[in-house]
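Please look over the sequence and the model first, and then read the points below with the structure still in view. They move from strand pairing to the chain as a whole, and then to a few single residues.

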Amino acid sequence: MSAARYGDYAKDVSGWFLGMTGAQLALVTLAGVPALLALNAQAWSLFVLWLPVWALLAAVLLVPVRGRSAGRWLVDLFLHAIGALMGWTVFGSRAVSGTADDLAEADLPGVLAGIRTHDGPPFGQLFTRPVIVQNCAARTWAAVASITHPGIGLAEPDERNRMGAGLAELCELAARTELVDVLALQVRTVPDDGTERAAWERAHTRADAAPLAARINALLGATLTPAAVRTEAFVTVVVGEARMSRAARESGGGVDGRARVLHGVMAEVEGALRGAVGCTAVTWLDSAALAAAVRTGFAPGERGQLIAADLAAADGAQLTTGVPMAAAGPSHARAEVRHYAHDAWASVTDTVLLPDSGAVLGALAPVLVPTVAGERRCLTVFLAPMPLDRATRLVGREEMSATTGNELRARMGFRQRARQRRDTERIGAADEKLAAGRALVRPAVAACVTVPATWPVAEHGRRLDASIRAAGYVPLRLDLAQDSGFAAAAVPLGVGLPDRRSRR
């Protein structure tokens, strides 16, 4: 028996009229007013001259080109050029320039500039103090957990289906709390630096070991370590200020009040992760662990030094471990049109569009497989549960738009296509599930590849595209927004994708 195929999803936003949003409909209508006036005045020459102009304006507003309309491309290119001219696309950290006053204050580039971290009150039976991540720009609060999961690669179809059902239950739980804005599941496939292996060898090497065995072990380590990878997984729970402000006031207000509200959500999410989802360990990160996760997100090669310092300190060496939050970001960063350069690394980020034929749980696994040794892959899935009333309005609007479009096509004599029938059936199924108490979730996926800056980053970006297509999905490069895309795909701080909605 094969695993279940999931395909019960529809477009993120359906237009009010024939797929057009309200703004598009108004602009197209205004552009056609001169033609209508010329037709009413029987000015045929003006009417004939304006029709191509009207068609061109409609194409610029409506025809998508790699996820954006031509008009949006022009606006984005203009804004990117202004940002490059003003120096906004280049970042330099305060720690490097020697102007960092507080080493506990985050200093991050781009969309992460509004991030602030706070040590919350004790949480759980062990009285740990998970860090609370405040995003001043987006007005959200978040907590980050490192998780351990056995994976689904060797799981039987029934077990895989149970894990998929557990993930759906987690999304429904987040929707029922009426607090969670986004659940972000991030997986990073990091090149293994061999630090743990080297420490184990130093601790277990025997002086009387056979020379041949020692040489074989050294040869195996030198050959296999560069090709080995490690997997890191994080879950970020993001709660909006608007949703939690009242509960935070009832819990004492301030950062501690918001942390107590987050603690309740964290406990529910942790229970779901350890239950049906199948996680074997869930560890909420404190300030030091989060700073290390952010630093290795920007600079994968520094993980070995951080781990080596921790191991040496555990053995009694007197040295400083970890990294302060002020130095967790890159020293220098630059946002290019098609990639993002940060310190000695360069990254390319794609969004992943859902296929029309549906997908099996775990189908994105090829995206996390590096094509060459030293390549880092990241994949982040954003799950945004929608409140029931908002989901009901959205499905009702989509159903009205689909019904209007079908009736107009029928009156004009056009036959309904298979995709249109399938979309109508999906909307009806979504309405039935909402009535049965299920949650409507808006998903988004970002994938990122990171390589040393001296490597051909464009070639590795094409390899990432090929991996996404091999998994059965459609890649869409985040041109002109590579810095924002990298922050969403590789840094576990709950910052989502730019608010630009494409085909799915």
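Strands are DSSP runs of E that hold at least two residues, and they are numbered from the N terminus; two of them pair if DSSP finds at least two bridges between them. The model described here is a predicted one, and with these terms in hand the pairing around strand 16 can be followed residue by residue.

**Strand pairing**

- Strand 16, which covers residues 441-452, runs antiparallel to strand 13, which covers residues 345-353, and seven bridges join the two.
- Within this pairing of strand 13 and strand 16, Asp-350 stands opposite Ala-447 of strand 16.
- Strand 16 is also joined by ten bridges to strand 15, made up of residues 376-385, and these two strands run antiparallel as well.
- Here Cys-378 stands opposite Cys-448, a residue that belongs to strand 16.
- As a general point to keep in mind while looking at such elements, the side chains in a regular strand alternate between the two faces of the sheet.

**The chain as a whole**

- The secondary structure of the chain amounts to 15 helices and 17 strands.
- The chain has a radius of gyration of 26 Å, close to the 23 Å that the globule rule gives for 504 residues, and it is therefore as compact as a globular protein of that length.
- Measured out along its principal axes, the C-alpha trace spans about 100 × 55 × 50 Å.
- Of the contacts in the chain with a separation of 6 or more, 77% are between residues that lie 24 or more positions apart.

**Surface and charge**

- Buried residues account for 40% of the 504 residues in the chain.
- The chain exposes about 26200 Å², and 60% of this area is supplied by carbon and sulfur atoms.
- The chain carries 52 positive and 48 negative charges, and the mean positions of the two groups are 6 Å apart.

**Two residues of helix 3**

- Leu-77 is placed in helix 3, which covers residues 70-86, and His-80 has its place in helix 3 too.
- Leu-77 counts as partly exposed because its relative accessibility is 45%, a value that falls between the cut-offs of 20% and 50%.
- His-80 counts as buried because its relative accessibility is 16%, which is under the cut-off of 20%.
- Leaving aside neighbours within four places in sequence, His-80 is in contact with Thr-89, Ala-335, Glu-336, Val-337 and Leu-480.
- Leu-77 and Ala-95 are 18 residues apart along the chain, and their C-alpha atoms are separated by 32 Å.

Terms used:
Residues numbered from 1 in each chain as written. Predicted model: local features only at pLDDT ≥ 70, side-chain atom pairs only at ≥ 80, totals over all residues. Heavy atoms only, no water. Helix = DSSP H or I, 4+ residues; strand = E, 2+ residues; numbered from the N terminus. Rg over C-alpha atoms; globule rule 2.2 N^0.38 Å. Buried < 20%, exposed > 50% of the residue type's maximum accessible area, 1.4 Å probe, protein only. Contact = heavy atoms within 4.5 Å. Areas by Shrake-Rupley, 256 points an atom, 1.4 Å probe, with all protein chains shown as cover. Lys, Arg positive; Asp, Glu negative; His and termini not counted. Charge placed at Lys NZ, Arg CZ, Asp CG, Glu CD.
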